[in-house]
Amino acid sequence: MAIGKYSRVDGRKSSSSYCSTVTIVAFVALCLVGVWMMTSSSIVPGQNTEVSTLEKKSDLKDQVLDTKQSTSSSENSDGNGKQFEDNSGDLPDDGSKNDDNISKSQEESNDSEDKTSQTATEDNQEEKTVKESVEEESKSEDTSKTESESQEGKEDVDLKLEKKDDFESTPNKESEVGETKTEDENENKPNPNETENKPDNSNEVKDQDNVGENKEEKDIKTNEQSSAEVFPAGAQSELLNETTTQNGAFSTQVTESKNEKESQKSSQSDEQSGYNWKLCNVTAGPDFIPCLDNLLAIRSLRSTKHYEHRERHCPEDPPTCLVPLPEGYQKSIEWPTSREKIWYHNVPHTKLAEVKGHQNWVKVSGDYLTFPGGGTQFKHGALHYIDFIQQSVPDIAWGKKTRVVLDVGCGVASFGGYLFDRDVLTMSLAPKDEHEAQVQFALERGIPAISAVMGTKRLPFPGRTFDVVHCARCRVPWHIEGGKLLLELNRLLRPGGYFVWSATPVYQKLAEDVEIWEAMKTLTKGMCWEVVSITKDRVNGVGIAIYQKPMTNECYVQRPQGEPPLCQESDDPNAAWNVPLQACIHKVPVEATERGSQWPEQWPERLTKSPYWLLGSQIGVYGKPAPEDFMTDYAHWKRVVNKSYLGGMGIDWSSVRNVMDMKSIYGGFAAALKDMKIWVLNVVPIDSPDTLPIIFERGLFGIYHDWCESLSAYPRSYDLLHADHLFSKIKKKCNFMGLVAETDRILRPEGKLIIRDHVDIISELESLFRAMQWEIRLTYSNDNEGLLCVQKTMWRPIETETISYAIA
């Protein structure tokens, strides 16, 4: 009995020990499940699928060990600087299988409470077996993931090395959006362990990942397609690939956060710049031209009989305020539609429509001003008139022999506007307000034009450059004061070039017309101009006289009276900036190596060939022999335009028509844009090497200008401005802020400004343009050189600044 009793008690004790063991195991399992559920961001109801106890325990141990390994991996990652790629392929298995693991854990908990028939020994053996199995599996998975991560890390390092070679400095937010991931982005990336503990967002992760991949693919393609662009001069360091904003379908949080930080930095930069832009308060309002609207200087003139009041009278310091927009201003109509019509509110002037409407200059039609293509001498259309001129003198050969034309007294510039159809580039010229807004109409239409007058000073062009000079009832008294004004055209006209004069003295017999005609006959004979054609256009009812300038000096020395006199040998025909007019004739160059002794190559061959008079013995602007210098410049700008400007700036070139190169050398930038439906005004600063004759020789055109003063152009005239190392030059010379304000004045809203300059200048300009609320589209720097592309907006300041000299 005792033994039996003992046995009964011993059996009870054994059963109690067994239950305790099972209870402990179940409790540990529940604790582990609870820890897992607490660290998980979502709970999925358990599944009812029955699996073996061994499999369930194996899954549970797998979760525990993976969690430990993941934590260990994260710690190692932090210690070694290993980057976490936001890629579904790099996520731990648990990170994309949380739902399944939670379900299995819940089933395991339920089964552990029900199954109590297993012994502690069996349980320990199973645990040992499971642990060994899990360790082997985890080790295998870890090895696989390590190899995968190592390979992806290698690819990432290679990509970063490639990017480091191409981008040495940090671009601003606009270029950062399109670049590969940076260190800041890696800092903002989620920790792998944190990713484990989040619900299954695999679809969202994939979407973000695809965006990242698309960005990287775009950047890599851009990097491969862009070749390094070089400056021809050693003083101008290389700028490598130029980046621009490249957006995917959706931006990532990393990008959004980074953009916001950069935006805040920009706001701080605006505040630090401390510049408060104001609106110009002037009588001319939205049409303000500082050097032509200096009313104080105009009032003090002793005489205006030579149109002195239409010449430049620049203030000592250019204004640093912003010109207002016309009320109702809209983005300009694009070429070629703009040749036929423009928005009325952009140039709200109707005087010409009232005075010249019957001659088909301009008409008002609802919200538009329309241009039927007529003029005083070609009221039935410019194209017929243009063809009639060539029929009269076939040697003119529009678009082949004749490429560059000066149209004096241009009206609304329909003559030049339709010469584009003949591949001819025309510089239209007229004084401001002689006829209300005629030059402004021309520029708004997309036709080249400047405000200037045949007055007391030479026009801002070098000598012997225009193939044809045209005047259709231009109201210029050519015959007075010894023919001083016509002799200025003689200075500008290329030897062998033509003067086309369409005016009433040619075909009418009124007393005044006859008097002028006789005076012109005497004057042109003394200038040795040959009358090659006098014809009457029956359609328009006008007569046209066409003269040709001689190509030798033989006639000059044979003149009996020697009137007009020859200019002194010391008189430079290329000197044009504020040089008074003289009533004398410049001799024609006769040496084979002199410019003007031969006619240039026909268009378009003349664009790409070095001019015959550029000699290897001459040193070019960049220090090479002149012909080589010329070709190097052309190759450089072709590369920059094709590899960077046309595709890498985000500029819609179909909306670009009026372009200015603010500091041109050989005209390479303009030449590289030859196939675009645009025109480029090449500006050669007066303190730069005089390369403007070369620009004209290759079939392009331009002017001399001093950027310490304002340009003789209406506000809102250009779609795109290009400045290559101009601002740094002005910074050392005169009013830097005046030039910044001038770019705003002459650039149209939504127009672009591309600046290449030193890094410190780029940084200062960026702050100033931000203060003007301009959009910073791209900024890039390498070593000490930088690139900036900005876009003007419609923003205008509220506070005004009164310009005393421009108030009536």
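Let's start with the sheet: in this predicted model, seven strands form an open sheet with mixed pairing. Reading across, the order is E7-E6-E5-E8-E9-E11-E10. At the edges sit strand E7, residues 449-451, and strand E10, residues 530-537, and each of these pairs on one side only. From one strand to the next, the twist averages 20°.

Now let's pick out one pair. Strand E8, residues 466-472, and strand E9, residues 493-502, run in the parallel sense and share six bridges. If you want a place to put your finger, find Phe466, which stands opposite Leu493 in E9.

Which helices lie across these strands? One is helix H13, residues 382-392, which lies across E8, E9, E10 and strand E11 (542-548) and runs at about 135° to E10. Another is helix H16, residues 484-492, lying across strand E5 (404-408), E8 and E9, at about 135° to E9.

Let's move along the chain to a pair of helices. Helix H25 covers residues 736-746 and helix H26 covers residues 759-771; their axes come within 12 Å and cross at roughly 55°. How are they oriented to each other? With an angle that is neither under 35 degrees nor in the range 65 to 115, H25 and H26 are therefore oblique to each other. H25 passes H26 in a right-handed crossing.

And who makes the contact? From H25 we have Phe736, Met737, Val740 and Thr743, and from H26 there are Glu764, Leu765, Leu768 and Phe769. Six of those contact residues are nonpolar, one is polar and one is charged.

Notes
Residues numbered from 1 in each chain as written. Predicted model: local features only at pLDDT ≥ 70, side-chain atom pairs only at ≥ 80, totals over all residues. Heavy atoms only, no water. Axes fitted to C-alpha atoms, helices over the stretch in contact; angles between N-to-C directions. Helix = DSSP H or I, 4+ residues; strand = E, 2+ residues; numbered from the N terminus. Parallel < 35°, antiparallel > 145°, perpendicular 65-115°, else oblique. Left-handed = near helix turned anticlockwise from the far one by under 90°. Contact = heavy atoms within 4.5 Å. Nonpolar A, V, L, I, M, F, W, Y, C, P; charged D, E, K, R; others polar. Pairing = 2+ DSSP bridges.
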